[in-house]
Amino acid sequence: MSQPLLTLDFLDTAPATAEHTPSGEVRISAATRTGRERKLYIESYGCQMNYSDSEIVSSILFEEGFDTTDDLANADLVLLNTCSIREKAEQTVRMRLKQINSHKKRKPGMLVGVLGCMAERLKSKFLEEEKIVDLVVGPDAYRDLPQLIHQVDGGQKAVNVLLSREETYADITPVRLNSNGITAFISIMRGCDNMCSFCVVPFTRGRERSRDAHSIVREAADLVAQGYKEVTLLGQNVDSYKWASADGAEHVNFAQLLERVALVSPALRVRFSTSHPKDITDEVLHTMARYDNICKYIHLPAQSGNTRVLELMNRTYDRPWYENRVTAIRQILGDDCAISTDMISGFCTETEEEHQDSLSLLDFAQYDMGYNFFYSERPGTLAARKLEDDIPLEVKKRRLQEIIDRQQLHSRARYARMVGKVHQVLVEGPSKRSAEHLSGRNSQNQVVIFPKGDFQKGDYVNVLATSTTGAALIGEAV
Ligand code: SAH
Ligand code: SF4
Ligand code: F3S
């Protein structure tokens, strides 16, 4: 049923786990052809949670008589699963709606819906602001989609943006739209209770809740049975995963969940994202160390290297705490464990010296990868209400460039130190640059490219890295 996802702008070097850091990547539903009457076209923006939610939405609508399509012009229903994390993410969606409007003129019966975080943030205001939109549905209301679509079929506009304290869609088997048949996402929790002062997610995704551990393990086992080789456990803050059975007899924390998923099959690689520095425990790190199939890669967003700024951001850790977590990773998992970060430049009142602290944190942590942004004020957040967005745009951008440049040096160095070593690579498919080469990832999530020989997608291949482009390793099977 599921076919490879078509992605725009998808390079070999785009990390499979781009975390919750909108990479500018847009994901489009692949075509399912099961003879269903109506065609759903769904385009997803933002983070992996959204990509994963689109798979749940497709599953719900599949039951309602919709096949998915990758051809917007022929769709009966067009859904945009949107992101609000920065102003630019929202502008992108507004521009896309204008383009969709011209398709709708050619096909007047086409219904247009907005899902996800922007739907939740703007609610029915969306219908007033964007006349083309028929349907506005927030992230916890997807089960209501069939009913809402009937309402729209009947000539009305429809909105459901109720947030839930319980919804985890645990019982819905996602249509794997976003998958190459080898790697898949498993959503393990929803929402966020952290209230970082810059962040809109707690408002758009609601309260944090963890999904039934048994349903997660079952989903992983089903994926193995279907031939999948890698799962990424998803949540805004996976390390605060906490689930108890209804009778209270069973309690599962993140380290224990990770172990249960790792035990599903030694041939299944397990990744996870995102780790909040305040929550990642040594127990998680020791669990990672115990299982070869838990990938040695941790996305540990710092946001800033300065304690005063971290406090204003309401991150609830300071610089020494963050450094301690990095040191624990290096001690328990060794220098080869990859770490990545997100950094925000030009947060309210950030001084030049405080910006220097972010640069020095990059040097301290020696990140493999960084996802960096300049601060974008989001309406309704603590920072928007209490702090002045006082750093001029040129300064934000200049500081961001300095962060990017510094990180680039470290990324290159981290790739370079992997040359000369043998890596176990899970092959994801042909290299985008050469049909004679395959592309996959090592445990650290680095891209590895090598001559294809007799290997194929889904194989584990030991590859000796012989050189690096700075963003990928080049090697040969040994
Ligand atoms: N839950 C994750 C982050 C999710 S949002 C965590 O706590 O680490 C993804 C990233 O977007 C954040 O890490 C942050 O770096 C960035 N981001 C969030 N809000 C932003 C804003 N208002 N302006 C700029 N970047 C922002
Ligand atoms: Fe946003 Fe902070 Fe929650 Fe991450 S932990 S989603 S940055 S509020
Ligand atoms: Fe993800 Fe963007 Fe929402 S990053 S949680 S889609 S605001």
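# A tour of the largest cavity and its ligands

Start with α6: it supplies four residues to the lining of the largest cavity, the most of any contributor. Keep in mind that this is a predicted model.

**Stop 1: the cavity wall.** Select α6 (201–205), then add β17 (338–345) and β18 (369–374). Each of these three elements gives at least two residues to the lining of the largest cavity. Now show the whole lining, which comprises 38 residues. To find the centre, pick Ile85, Phe198, Cys199, Val201 and Gln303, the lining residues nearest to it. Colour the lining by character: 19 residues are nonpolar, 14 polar and five charged.

**Stop 2: the space itself.** The largest cavity holds about 570 Å³. In total, four cavities reach 30 Å³ or more. Where does the largest cavity lie relative to domain 1 (27–160) and domain 2 (183–416)? Colour the two domains separately and look at the lining. The largest cavity lies between domain 1 and domain 2, because both give residues to its lining.

**Stop 3: ligand 2.** Centre on ligand 2, which sits in the largest cavity. Which residues are around ligand 2? Begin with the run of Cys192, Asn194, Met195, Cys196, Phe198, Cys199, Val201 and Pro202. Then add Gln236, His276 and Arg315, which complete the set around ligand 2. By character, this shell has seven nonpolar residues, three polar and one charged. Phe198, Cys199 and Val201 deserve a second look: they are in the shell of ligand 2, and they also belong to the lining residues nearest the centre of the largest cavity.

**Stop 4: ligand 3.** Move to ligand 3. The space that ligand 3 takes is again the largest cavity. Twelve residues surround ligand 3. Select the closest: Cys47, Asn50, Cys83, Cys117 and Gln236. Gln236 was picked at the previous stop too, as one of the residues around ligand 2. The shell of ligand 3 splits into six nonpolar residues, five polar and one charged. Bring back the domain colours here. Domain 1 (27–160) and domain 2 (183–416) each contribute at least three residues to the shell around ligand 3.

**Stop 5: two annotated spans.** Select residues 38–154, which an unreviewed UniProt entry lists as "domain: MTTase N-terminal". Helix makes up 49% of this span and strand 21%. Its end C-alpha atoms are 16 Å apart. Next select residues 416–478, listed by UniProt, in an unreviewed entry, as "domain: TRAM". What are the helix and strand contents of residues 416–478? The span is 2% helix and 52% strand. Its end C-alpha atoms lie 19 Å apart.

**Stop 6: backbone details.** Zoom in on serine 273 and threonine 274. A cis peptide bond joins them, with omega about 10°. Threonine 274 is in the loop between β15 (269–273) and α9 (282–290). Finish at asparagine 314. Its phi is near 60°, a positive value in a residue other than glycine. Asparagine 314 is in the loop that runs between α10 (307–312) and α11 (319–333).

Key. Residues are numbered from 1 along each chain as its sequence is written. Chains are lettered from A and ligands numbered from 1 in the order in which they are written. This is a predicted model: local features need pLDDT of at least 70, side-chain atom pairs count only at pLDDT 80 or more; totals for chains, interfaces and linings use all residues. Side-chain values use heavy atoms; hydrogens and water are left out. A residue is near a molecule or strand if one of its heavy atoms lies within 4 Å of it. On a 1 Å grid over the protein atoms alone, a cavity is a set of points where a 1.4 Å probe fits but cannot get out, and a pocket is an open set with protein on both sides within 12 Å along at least five of seven lines; lining residues have an atom within 4 Å of a point. A molecule sits in a cavity or pocket if more than half of its atoms lie within 2 Å of its grid points. Ala, Val, Leu, Ile, Met, Phe, Trp, Tyr, Cys and Pro count as nonpolar, Asp, Glu, Lys and Arg as charged, and the others, Gly among them, as polar. UniProt positions are given in the numbering used here, feature names are shortened, and annotations may be inferred rather than shown by experiment. Grid points are joined across faces, edges and corners, and a volume is the space filled by probe spheres set on the points. Domain bounds come from an automatic or database domain assignment.
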